[in-house]
Amino acid sequence: MAHAAVYSVKSAMMELESNSAFKKHSSESISLDDFNSFLEAIELLPSHNLVDAAASERRVKDAAQQLIDLIDSHVSDLLLLSDHQSESISSDDYIGFTFSFSQQLSELKQELSSFLTALKITEQQQQQQQQQQQQQRKKSSSDYNSNGKQQDLVGLYGEIKVLKEWIQHPYSSLLVTTIAGMTGIGKTTLVKHVYSDPCVVDGFETRVFVHIGPRYSQLEEIMLLVLNQLGVVFPTSDELLHENVDYLRNQLSEALSGQKYLIVLDDVWTDTDVWNRMRFNSFPEYEKGSRIIIISQIQSLDYSMLENQWIIPLPLLNDDDSWKLLHQTAFSSGYQCSSELEKIGKKIARNCQGLPAAIIQVGENLRGKLVQEWKTLSENEDPLVITRNDDTPLSKALYFSYMMLPQYLKVFFLYMGVFPKKYLISRTMLIKLWVSEGFLSLNPSSEEFVGIYLDLLICRNVVLIEKKASVNMNTTKNCSMHFTFRSLCVNEAKSEKFFHVLRKYTDCKPENIKSHQRLCVHNNVVLAFKEVHEWMEFVPNTRSLLCFGPKQQYPIGLPLCFRLLRILDALAVRFYEFPHQVFPLVQLRYLAITCDGELPNSISKLLNLEVLIFGRHLNIKLSKNGPAYLPIEIWKLFKLRQLYCMGFDLPTPPPSDGSHPVLENLVTLSGVSVHSCTKEVLSRIPNLKRVAVQIESAHDSVETFSFFSQFTSLYQEFESFKCVVVNPNLSSQIVHCVPNFPVNIKKISLSGCGFPWKKIEVLSALPNLKVLKLRWYAFCGPVWKISGAEFPALEFLLLEDLDIEQWEFEGGDMRYMHRVIVRHCYKLKSFPDNLIFTDLVEVDDCNLSFMKKIRRTMFVSGEPKISSSITPQLN
């Protein structure tokens, strides 16, 4: 957390230095050298080195937060003053600010210096302890005793079978497999079971089970551990040889030469580069059938490194296996389970979300308990509470996983806890929030890079994948948190004053919310209490107010007394009209609000706004008198990056008066109609990448897509276009022709347009189109024919609610196609044989005979995914 706090200080100081009023009154420029040096130093340190420096880290964080509060408060004062008023700022005001600023800056630098000194001392001590442990390690002993007690293997039988088959396959040239998954999912339990299997024992001349652990991350250290387990004795008089990679590699090769061996490396935390250097150069492959198994919570982010390595990700248990494991654990003494207790127990098991270690711990806690105690637990939000101070094995393991995250990742991990349990977290939303919070900087071309922080959390199995992106199947579109990690996040964040969750009336009391930087409302009803609004005044420096509770049908007042607020997400809170209390919040970067009225002209006061999401209540319909426009002052929000305004349009920019208002940072425009897509508007948005257009058939009865010629001429780099025709009249075509899209467009999504299939040739000729989604009569007609030369780069295709009957493919194949989804196409009878090489085919609720035909089709990549709400059995 010290890393994130110092980064925020650096960003705040850069913003302060760029302020025109500050430049006018300040005679000295701000130096960021000390902060850059600190950030570079702390990023190089192993995460576990920081465990013993927690107190010093907290002092750094507190000092940094005080300095940020001072800077943001001063910047807010400057922004609230108009230009003519700023002239009246007295020199005494600046002298007072400069004195406080210098004082707190000096204090923070002193804490940084002390923190780095403490870390260096800790690192030296740990290196000495590590050397002593290596010397004391017995040369011939194994870290694993095969006679030890093993946990239940419920739900792992499929993975056990797969692993055994690979180990015993006589012709497989694959040397290495990795068993990966989150903490407590049963990785080591699975491998120990296979390792001890009599057939496996008899099949290898040499078996070694080595526990690596996080302190052994260097190539030399890992090789020494393996050699120690193999019984290799080194000359004690020449310890320097232990640090010689070539010497150790030769020793390892000699020890295993000519043998069929099975080596298990348990609890590996090292990076991919170290492991691959050791694997390719150290382990001999003279004897066919040798195997190496890696057990790790970390999966590789670089898929190019996995050509000769197989990863078996362990899944969470389903509901039936979860209940089976809970039953085995809670009733191990032979106690009979009543039907009432079984019903309650199945609910508890579901709440454990399939994690074996959590189910086992809950089962042990319930052993011998009364029915009422079971019922009480089933009604809790979580069946377990995870904190850093818990003495249970699961809590220790989860907290250790958190501590092992790199310093720069910890703030991103903790932030995942701001969302409610089982919340489907959008990747794009998460990135917008991270950037607006000030965790990292962003320019219009770097959004893809920012997503790597989420990818790294997923690779470490602390965040779960819910849905893959359609453009890039290696990218996550939606994710979630397991309740155990979320519980850890919530409690750790509360301890660090990072955020506080408000679910009950008592959560809002001053003693509970004091000094918290972020307030996360998971039950919006608590905002209806007058006392809650009064208590909020005790935390004026709160930076974020996130209302993620269920949507409210009736208006609820929102406390907006936070003068330094950066993020306000109130989409789930209804307003009759736009709350004018927002306008003094000049530090706002992110504003998401649902309002029955229009956006006022005063929105221009929020000059720092980067994300604006302005929605109408669901009962509000578009006016039949024509489009509704945002105020012309929207063109003054020069920092705006994302604009979502369902039911509103961008007005024509004001005439040129020498200032030329340009939204050069705007990359996403969504919810508008074609009236926002004129040349006058688009020419003032030079870096636009994504547009989502909504066509109201009542307004635009004859839309020709003529506006899109503007995109073709104005944008060379353009990512995606989405068009939805609202309430289309299927008896007449609303949109008369397919537009000429920019040649570099990657994603197109159409709904309700009513094009004939022959018009799709305009799309099929696009050389870089990767994703095509056709919904709700986007194209009409019984037959769609594709030639081999069409769609040269298409990877993802969705057909949903179309009236197509015959789908034909003449010659060639779609060589890049990864995924095809056909959904609710009830007339479709045929599927092109050319698509049998597709990686994944999904069919949902289509014609019964069509689904049976797909079931019988032999796809190269495996069985298709078929589901039907009408007929569950398709045999």
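**Exercises on a predicted model**

K497 sits in the loop between α22 (483-495) and β9 (500-502). The model is predicted, so keep its confidence values at hand as you work through the tasks.

**Exercise 1. Two residues with positive phi**

Find the sign of phi at K497 and at F791, then decide whether each residue is buried, partly exposed or exposed.

*Solution.*
- Step 1: K497 is not a glycine, yet its phi is positive, about 60°.
- Step 2: The relative accessibility of K497 is 33%. Buried means under 20% and exposed means over 50%, so K497 counts as partly exposed.
- Step 3: F791 is placed in the loop between β25 (783-787) and β26 (796-800). F791 is not a glycine either, and its phi is positive at about 50°.
- Step 4: With a relative accessible area of 3%, F791 is buried.

**Exercise 2. The span of a helix**

Check the end-to-end distance of helix α11 (residues 245-256) against the expected span, and list the buried residues of α11.

*Solution.*
- Step 1: The expected span is 1.5 Å times one less than the number of residues. For the 12 residues of α11 this should come to 16 Å.
- Step 2: The end C-alpha atoms of α11 are 17 Å apart, which agrees with that expectation.
- Step 3: V245, L248, R249, Q251, L252, S253 and L256 are the buried residues of α11. An α-helix has 3.6 residues a turn, so residues three or four places apart point the same way.
- Step 4: After α11 comes G258, with a positive phi near 80°.

**Exercise 3. Edges of a sheet**

Which strands stand at the edges of the open sheet of 3 strands?

*Solution.*
- Step 1: Write down the strand order, β6-β8-β7, with antiparallel pairing.
- Step 2: β6 (425-426) and β7 (464-468) each have a single partner strand, so these two stand at the edges, and one side of each has no neighbour in the sheet.
- Step 3: Look at the pairing of β6 with β8 (residues 476-480): the two run antiparallel and are joined by 2 bridges. S426 has N478 of β8 as its bridge partner.

**Exercise 4. Confidence along the chain**

What is the average pLDDT of the protein chain, and how many contacts beyond four places in sequence does the model have for residues 137-150?

*Solution.*
- Step 1: The average pLDDT is 81, and 80% of the residues score at least 70.
- Step 2: Over residues 137-150 the pLDDT stays under 50, and the model has 29 contacts beyond four places in sequence for this stretch.
- Step 3: Residues 303-307 also have a pLDDT below 50, with 6 contacts in the model beyond near neighbours in sequence.

Terms used
Residues numbered from 1 in each chain as written. Predicted model: local features only at pLDDT ≥ 70, side-chain atom pairs only at ≥ 80, totals over all residues. Heavy atoms only, no water. Helix = DSSP H or I, 4+ residues; strand = E, 2+ residues; numbered from the N terminus. Buried < 20%, exposed > 50% of the residue type's maximum accessible area, 1.4 Å probe, protein only. pLDDT = per-residue confidence, 0-100. Contact = heavy atoms within 4.5 Å. Pairing = 2+ DSSP bridges.
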